[in-house]
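Thank you for making room for me this morning; please bring up the sequence and the model together, so that we can move between them while I talk.

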Amino acid sequence: ALVKRKLNSGKQHPDSLQAELLFYEGSAYGYRAYFQGRIGKWFAALSNGIKSVGNLSESLEIDSTLYGAYLGIGVYKYWRYSRLRFISWLPFIPDDRDEGIELIKQAIAHDTLSCFMAMHQLVYIPLDYERMDEAIIYAEKIVNEYPESQFMWWANAHAYFKSKDYAGAESAYLTLYNLIEVDENRNITHLIKCGFKLALIY
C-alpha cells in the first residue's frame, strides 16, 4: 500500500526509483497471486498475476537490469497455463510455459538476489513436466546454498519423493524434521506433515 501511494502521489520520481517502486508493487501482487493459487483461488490469483506482470513489465521498460522482474514474469507465465489448463481454450490463457522458463533462467544467470528463489522454482517446474533429474539438480543446489532453510528443504524433499528416490527423500525429510524440531517458532503442522511423509516412506 505504501508503494502504491508513492506511485500515485503525483510526484515525479527519478527513473531508477520509479522502476524500483513498480518492481516492488509488482512483486507484492505476485506474492498475493501465489498464495491465492496455493488455496485454489485461481481467478483471484489470475487477476493479481496480471497486475503483477503489468508492473514488472513496466519496471523493465525503465530499467532492463532489474532481473528479479524476469523471475516474477517467468513464474507467472509458467504457472498461469499449468494451473489454468482446464480453461486453456480461452484466448487470454496462451501456453507461454517455455518462455516463462527462459525468463526464470535469465534471473538465475544475472541476479544474485533472486538466483536461488529462481532455482527453487526450477525444482517444481521440471517436476510438473516430469523431468525428475533436472529437478534434483536444482534441489541439491538450493540446500547447498541454504542448508538451514526449511523452505528450501521442503522443495528438496518433495523433489526426491516425486522422483520415487525414497532413500534421498528419507534423508531430506529427516533433515527437515530436525530443522523444524529445533526451531523455537516451529509450526507443529509442518512437523506433523514431515512425520507423515517419513511414515509413507517407511
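I will begin with the chain as a whole, then turn to its salt bridges, and finish with two residues in loops.

A word of care before anything else: what you see is a predicted model, and the values I quote are computed from it.

Let me start with the overall make-up, where the protein chain has 10 helices and 0 strands, so that reading along the sequence gives the pattern α-α-α-α-α-α-α-α-α-α. Of the 202 residues in the protein chain, 46% are buried, and the accessible surface amounts to about 11,600 Å², with 55% of that surface belonging to carbon and sulfur atoms. If we take the contacts between residues at least 6 apart in sequence, 50% of them join residues that are at least 24 apart.

Now to the charged side chains, and a question to carry with us: how many salt bridges does the structure hold? The count is 3, and I would like to walk through each of them in turn.

Please find Asp96 and Lys77, which form a salt bridge in which the closest N and O atoms are 3.7 Å apart. This pair links distant parts of the chain, since Asp96 sits in the loop between helix 4 (67-83) and helix 5 (97-110), while Lys77 belongs to helix 4, and the two are 19 residues apart. Are these two residues buried or exposed? Asp96 counts as buried because its relative accessibility is 17%, below the 20% cut-off, and Lys77, with a relative accessible area of 16%, is buried for that reason too.

Staying with Lys77, its side chain also meets that of Glu99 in a salt bridge, at 3.8 Å from N to O. Here again the pair links distant parts of the chain, with Lys77 in helix 4 and Glu99 in helix 5, 22 residues apart. Glu99 has a relative accessible area of 41% and is therefore described as partly exposed. Taken together, Lys77, Asp96 and Glu99 are linked in a network of salt bridges.

The remaining bridge to visit joins Glu134 and Arg131, whose closest N and O atoms are 3.1 Å apart. Glu134 counts as partly exposed, at 22% relative accessibility, and Arg131 is likewise partly exposed, at 37%.

Let me close with the backbone, and with Glu130, where phi is near 65°, a positive value in a residue other than glycine. Where along the chain does Glu130 lie? It is found in the loop between helix 6 (115-129) and helix 7 (132-145), and because its relative accessibility is 64%, over the 50% cut-off, Glu130 counts as exposed.

Further along there is Lys164, which is not a glycine and yet has a positive phi of about 65°. Lys164 lies in the loop between helix 8 (150-162) and helix 9 (166-181), and with a relative accessibility of 62% this residue counts as exposed.

If you keep one picture from this talk, let it be the network that links Lys77, Asp96 and Glu99, in a chain of 10 helices and 0 strands. Thank you for listening.

Notes. Residues are numbered from 1 along each chain as its sequence is written. This is a predicted model: local features need pLDDT of at least 70, side-chain atom pairs count only at pLDDT 80 or more; totals for chains, interfaces and linings use all residues. Side-chain values use heavy atoms; hydrogens and water are left out. Helices (H or I, at least four residues) and strands (E, at least two) are DSSP runs, numbered from the N terminus. Buried means under 20% relative accessible area, exposed over 50%, partly exposed in between (1.4 Å probe, protein chains only). A salt bridge is a side-chain nitrogen of Lys or Arg within 4 Å of a carboxyl oxygen of Asp or Glu. Contact means heavy atoms within 4.5 Å. Accessible areas come from the Shrake-Rupley method with a 1.4 Å probe; for residues, only the protein chains shown count as cover.
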